[in-house]
Amino acid sequence: MIREATAADVPALVEGYEWLFAAPGRRVADWDAGTAAERLHALLDSDRGTVFVADVDGEVQGFITVYLDILSVRYGQRVWVEDLAVAPDARSGGLGGALLDAAKAWAREHGAAHLELDSAFTRVDAHRFYERTEPSWDARSFGWVL
């Protein structure tokens, strides 16, 4: 079942970030579980974003974070997916697609014209997943740590 996360899910969500850090991913240099929990609580309390979880028999098996982002002059309101992760043993079972669908529905409900996310070149399996969902476009992005 896909549902919006609650404060009670925060510990499981923080643990779930390990799914993103595992190869081919990498741990964020200044990762701190306490800070992550604070940020997740803030997101859950915000009207500008949310977290959806894939709840399988009472256990978080996946999650997606979505944020109302920029109001683009060219494209209108954007929703940004920052994190999408599914437990390794639950992949290829439809949870990722269901989470992405929930994010798209939330985006539409919040007046967004489009939803975007970044994915590192090393995440080949994730790219195959995204391509199966038939994105409207793909692009290359650049980023700088400040």
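**Exercise 1. Classify S92 and E134 by exposure, and state what their backbone shows.**

Solution. Start with S92. Its relative accessible area is 81%, so S92 is exposed. The classes are: buried under 20% relative accessible area, exposed over 50%, partly exposed in between, with a 1.4 Å probe and protein chains only. Next, locate S92. It lies in the loop between β4 (76–86) and α3 (95–109). Helices (H or I, at least four residues) and strands (E, at least two) are DSSP runs, numbered from the N terminus. Then read the backbone. Phi of S92 is near 65°, a positive value in a residue other than glycine.

Repeat for E134. Its relative accessible area is 68%, so E134 is exposed. E134 sits in the segment after α4 (124–132). Its phi is positive, about 55°, although E134 is not a glycine.

A note on the input. The model is predicted: local features need pLDDT of at least 70, side-chain atom pairs count only at pLDDT 80 or more, and totals for chains, interfaces and linings use all residues. Residues are numbered from 1 along each chain as its sequence is written, and side-chain values use heavy atoms, with hydrogens and water left out.

**Exercise 2. Find the cis peptide bond and place its proline.**

Solution. The bond joins A23 and P24. Its omega is about 15°. P24 belongs to the loop between α1 and α2.

**Exercise 3. Lay out the fold and test the chain against the globule rule.**

Solution. Count the elements: the chain has 4 helices and 5 strands. Order them along the sequence: β-α-α-β-β-β-α-β-α. Now the rule. The radius of gyration is taken over C-alpha atoms, and the globule rule is 2.2 Å times the number of residues to the power 0.38. For 146 residues, a compact globule would come out near 15 Å; the chain has 15 Å, which agrees. Along its principal axes, the C-alpha trace spans about 40 × 35 × 35 Å.

**Exercise 4. Describe burial, contacts, surface and charge for the whole chain.**

Solution. Burial: 37% of the 146 residues are buried. Contacts: a contact means heavy atoms within 4.5 Å. Of the contacts with a separation of 6 or more, 55% come from residues 24 or more positions apart. Surface: the accessible area is about 9400 Å², and 52% of it belongs to carbon and sulfur atoms. Accessible areas come from the Shrake-Rupley method with a 1.4 Å probe; for residues, only the protein chains shown count as cover. Charge: the chain carries 14 positive and 24 negative charges, and their mean positions are 7 Å apart. Lys and Arg count as positive, Asp and Glu as negative; His and the chain ends are not counted. Each charge is placed at NZ of Lys, CZ of Arg, CG of Asp or CD of Glu.

**Exercise 5. Analyse the aromatic pairs that involve W31 with Y17 and F21.**

Solution. A pair of aromatic rings is described by the distance of the centres and the angle of the planes. Rings of Phe, Tyr and Trp (its six-membered ring) pair if their centres lie within 6.5 Å; planes under 30 degrees apart count as stacked, over 60 as edge-to-face and the rest as tilted. The whole structure holds 6 aromatic pairs.

Step one: Y17 and W31. The ring centres are 5.3 Å apart and the planes stand at 35°, so the pair is tilted. Y17 lies in helix α1 (residues 10–21) and W31 in the loop between α1 and α2 (33–45), so the pair ties together parts 14 residues apart in sequence. Y17 is buried at 9% relative accessible area, whereas W31 is partly exposed at 25%.

Step two: F21 and W31. Here the centres are 4.9 Å apart and the planes at 75°, so the pair is edge-to-face. F21 is in helix α1 and W31 in the loop between α1 and α2, so the parts tied together are 10 residues apart in sequence. F21 is buried, with a relative accessible area of 11%.

Step three: the cluster. Y17, W19, F21, W31 and F63 form one aromatic cluster.

**Exercise 6. Map the surroundings of F63 and H114.**

Solution. F63 is in strand β3 (residues 59–72). At 1% relative accessibility, F63 is buried. Its C-alpha atom is 4.3 Å from that of V53, 10 residues apart along the chain. Leaving out residues up to four places away in sequence, F63 touches residues including L13, Y17, W19, F52, L84 and L99.

H114 is in strand β5 (residues 114–117). It is buried at 11% relative accessibility. With residues up to four places away in sequence left out, H114 touches Y75, G76, Q77, R78, V79 and W137.
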